[in-house]
Amino acid sequence: MTEQNVRWGILATGGIAAAFTADLVDLPDAEVVAVASRTEESAKAFAERFGIPRAYGGWDALAQDADIDVVYVATPHSAHRAAAGLCLEAGRNVLCEKAFTLNAPEAEELVALAKERGSFLMEAMWMYCNPLIRRLKALVDDGAIGEVRTVQADFGLAGPFPPSHRLRDPAQGGGALLDLGVYPVSFAHLLLGEPSDLTAKAVLSDEGVDLQTGALLSWESGALASLHCSLTGGTATIASVTGSEGRIDIPNGFFHPDRFVLHRDGRDPEEFAADPADGPRNSLKHEAREVMRALRAGETESPLVPLDGTLAVMRTLDAIRDRVGVRYPSEADEELTPA
């Protein structure tokens with residue numbers, strides 16, 4: 001691709017699809033040309049809301065639309081394998097919401113399919129594309145706090161969520177871990193890579209999904225990460241990275257921060273604030289821009305959200321679920337990563 005507009009298709013019409021599309025239509029080099037839902041009524045209503053020219057009452061028609069450069073998959077994660085796989089089979093490039101899939105085997109299937117087709121594939125881990133998070137990672141990589149010793153992060157919502165809610169529904173991959181815990185886990189992976197071992201505990205619902213989960217990850221370097229997610233209480237949503245020579249604190253909303261504070265031994269604290277020109281802290285434009293940059297460069301994956309990293313996160317999520325005893329109905333005959 002060159003510098004022409006990138007033509008997007010939107011697969012699903014829920015809240016995150018609406019938020020992403022609202023940001024896309026504000027980008028001058030992005031064009032939303034089609035949307036698909038399981039029902040034509042939902043697709044048409046979404047298309048009317050955002051001025052999208054084509055609305056499909058089924059996923060296959062969107063996947064077969066050759067005028068689409070990239071499809072954004074925004075279904076519940078229980079459907080990511082099917083939806084993203086359908087698009088990749090049809091030769092479409094794909095940005096797929098997180099958690100990337102229900103489990104690592106499904107993720108491996110999507111990555112293999114994308115490589116076989118030569119298509120672009122990326123997990124929509126917008127945190128990794130956030131300019132302030134990228135600045136934080138650069139500081140850590142440059143040794144600003146020395147060798148990383150600990151990572152702490154949490155993400156919890158107050159609820160309560162009724163048993164009928166998708167977050168409580170095993171068939172939709174419900175539970176705190178895949179919906180919220182993916183952020184603390186991905187944050188730890190960003191700074192330390194895949195852990196060598198972990199332990200975890202959870203409180204499970206009557207339906208068998210995790211209402212809250214705590215995990216302790218460890219690395220051969222001696223680093224530890226203490227991570228927590230919850231559907232039963234609104235947590236501070238903060239993160240901290242401690243090294244041998246200092247610490248970085250993200251006071252709130254660590255996955256889309258407006259600032260963080262660097263504490264270096266023997267120095268005054270330094271505050272790093274988001275650039276107002278980057279837009280609202282909840283903007284999804286950064287990941288959209290990264291997808292379009294990669295497509296124009298002819299890349300099949302993003303260096304900011306590499307596929308190997310996505311697979312590693314899925315293995316860690318599998319291992320946590322293995323420890324706490326959460327298994328979804330579709331996994332009855334599957335073997336999860338036992339790491």
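**Backbone geometry at four loop positions**

Ala 99 is situated in the loop that connects strand 5 (93-96) with helix 5 (104-117). In this predicted model, the peptide bond leading from Lys 98 into Ala 99 adopts the cis form, and its omega angle is near -10 degrees.

A cis peptide bond is also present between Gly 159 and Pro 160, where omega is about -5 degrees. Pro 160 belongs to the loop between strand 7 (148-156) and helix 8 (176-192). The model thus places Ala 99 in a loop that leads from a strand to a helix, and Pro 160 likewise lies between a strand and a helix.

Positive phi values were examined next. Ala 12, although not a glycine, has a positive phi of about 110 degrees. This residue occupies the loop between strand 1 (6-11) and helix 1 (15-24). The relative accessibility of Ala 12 is 11%, and because buried residues are those under 20%, Ala 12 is classed as buried.

Thr 237 likewise is a residue other than glycine with a positive phi, here near 55 degrees. The loop that contains Thr 237 runs between two strands, namely strand 10 (224-230) and strand 11 (239-243). With a relative accessible area of 10%, Thr 237 is buried. Positive phi is therefore accompanied by burial at Ala 12 and at Thr 237.

Methods: Residues are numbered from 1 along each chain as its sequence is written. This is a predicted model: local features need pLDDT of at least 70, side-chain atom pairs count only at pLDDT 80 or more; totals for chains, interfaces and linings use all residues. Side-chain values use heavy atoms; hydrogens and water are left out. Buried means under 20% relative accessible area, exposed over 50%, partly exposed in between (1.4 Å probe, protein chains only).
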